[in-house]
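Me: I should like to go through the terms applied to this structure and ask what each one rests on. Please set each value against its criterion before drawing a conclusion.

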Protein chains: 2
Amino acid sequence: MIAVSRNFNVQESTIDYGPLENDLGYVLRRAQLWVFQDFIRTMTPLDLRPAQYSVLVIIHHNPGLSQIALAGALGIERARLVRLLDQLEERKLVERRPAASDRRSHAMHLTREGERVLAGALDLVATHRLACLEEFGGPNNYETLVRLLAKFGAPQ
Amino acid sequence: MIAVSRNFNVQESTIDYGPLENDLGYVLRRAQLWVFQDFIRTMTPLDLRPAQYSVLVIIHHNPGLSQIALAGALGIERARLVRLLDQLEERKLVERRPAASDRRSHAMHLTREGERVLAGALDLVATHRLACLEEFGGPNNYETLVRLLAKFGAPQ
DNA sequence: TATTGTTATACTCTATAACTATA
DNA sequence: TATAGTTATAGAGTATAACAATA
């Protein structure tokens, strides 16, 4: 009866979650926590956090865009983006180049090293995606989730 | 042609999100951000944040439980819970009572005022839920989301 | 006057480690 | 030895406000 001893003293299963059980915000937070932790764990070889990864992706697909457009695309404050870019620029993954038309703004580009790191990241993301697929009940459920979540918020 | 002038200079719609478009972590974060912001906005009359609300809910449904069980139920560190409870205790919403069987541990209870605030919070949460229903495409989509997100993570 | 990027501040949240008092 | 609660610290994330350079 080893199975019994494993459950011995596990009090969590007796917790009554009340209205949290069907609370979208609560389950979103729990799910996001799991996904981000798995992402960070998977990305440790490259030392890339989710926000840093998404910065690289957006710059790669929209080279030359301004910081304010980048912040808008990611849904973060432009003040917060400054520190993010400082770190990535320190690691020689991104470059702030002077913008041609507006001397206030910067044109964001990936360095060659940034492109290389992003390529490696995409490989690891594939692994991470497999873990998510399993955790969330297969490709159908995964795609349903993404569709229901993405339809509302992108540009906010 | 007012509609045209409103869209003038909106660059965001031309952004290419690349793989983020179908990235569960990315859409989870965007969705959670929206839901939490709406929650906080709706709760301003009671000045309750999502974490504080869930503490009240769990204690109400599991009176007398220990801090470590509470932290486990919420998926937060017990060290983080200390500050959360300090604030709620300062506001006279919760009480740490000495536990009967173990003098190291506390039995958590809501005060009468805590019960009153929770009741008011549940009313506001109903409003918040309506906003979410609309934002996420109606009750069917909402329930599908909750079901797909909740099935995996609760006790983690 | 308004916008881009920056700096500064404050608060929340996450993640650890170490300490105390009990068990 | 291990556990419950606490304290402390460091870093990430969020939200503002204000400033210089430029539009």
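Reply: Two strands are said to pair if DSSP finds at least two bridges between them. In this predicted model, A:Arg97 stands opposite A:Ala107 in β2(A).

Me: What makes strand β1 (residues 94-98) of chain A and β2(A) a pair, and in which sense do they run?

Reply: The criterion is at least two bridges. Strand β1 of chain A and β2(A) are joined over 5 bridges in the antiparallel sense, so the two strands pair.

Me: Why is strand β2 (residues 106-110) of chain A called largely enclosed?

Reply: A residue is buried when its relative accessible area is under 20%. In strand β2 of chain A, 4 of the 5 residues are buried, so the rest of the structure largely encloses this strand.

Me: Is A:Ser54 buried or exposed, and how do you know?

Reply: A:Ser54 has a relative accessible area of 9%. The limit for a buried residue is under 20%, and A:Ser54 is therefore buried. This serine belongs to helix α3 (residues 50-61) of chain A. Leaving aside neighbours within four places in sequence, A:Ser54 is in contact with A:Leu74 and B:Leu20.

Me: What relation do chain A and chain B have, and why is it given that name?

Reply: Chain A is superposed on chain B by a rotation of 180° with 0.0 Å of shift along the axis, at an RMSD of 0.1 Å. That is why the relation is that of a two-fold axis. The same surface serves both copies, since 100% of the contact residues of chain A recur in chain B.

Me: Which polar contacts to phosphate oxygens of DNA strand C can be named for A:Gln67, A:Arg96 and A:His106?

Reply: The cut-off for a polar contact is a pair of N or O atoms within 3.5 Å. A polar side-chain atom of A:Gln67 is 2.8 Å from a phosphate oxygen of the strand. For A:Arg96, a side-chain N or O atom lies 3.1 Å from a phosphate oxygen. In A:His106 a backbone N or O atom is involved, at 3.0 Å. The elements giving two or more residues to the surface near DNA strand C are α2 (24-43), α4 (67-74) and α5 (78-90) of chain A, together with α5 (78-90) of chain B.

Me: How many residues surround DNA strand C, and of which classes are they?

Reply: DNA strand C is surrounded by 20 residues, and the closest include A:Gln67 and B:Arg80. By class, 10 are charged, 5 polar and 5 nonpolar. Of the strand's atoms within 4 Å of the protein, 68% belong to sugar or phosphate and the rest to bases.

Key. Residues are numbered from 1 along each chain as its sequence is written. Chains are lettered from A and ligands numbered from 1 in the order in which they are written. This is a predicted model: local features need pLDDT of at least 70, side-chain atom pairs count only at pLDDT 80 or more; totals for chains, interfaces and linings use all residues. Side-chain values use heavy atoms; hydrogens and water are left out. Copies are superposed by least squares on the C-alpha atoms of residues with pLDDT of at least 70 in both. Contact means heavy atoms within 4.5 Å. A residue is near a molecule or strand if one of its heavy atoms lies within 4 Å of it. A polar contact is a pair of N or O atoms within 3.5 Å; within protein, one must be able to donate a hydrogen and the other to accept it, and residues adjacent in sequence count only if both atoms are side-chain atoms. Ala, Val, Leu, Ile, Met, Phe, Trp, Tyr, Cys and Pro count as nonpolar, Asp, Glu, Lys and Arg as charged, and the others, Gly among them, as polar. Buried means under 20% relative accessible area, exposed over 50%, partly exposed in between (1.4 Å probe, protein chains only).
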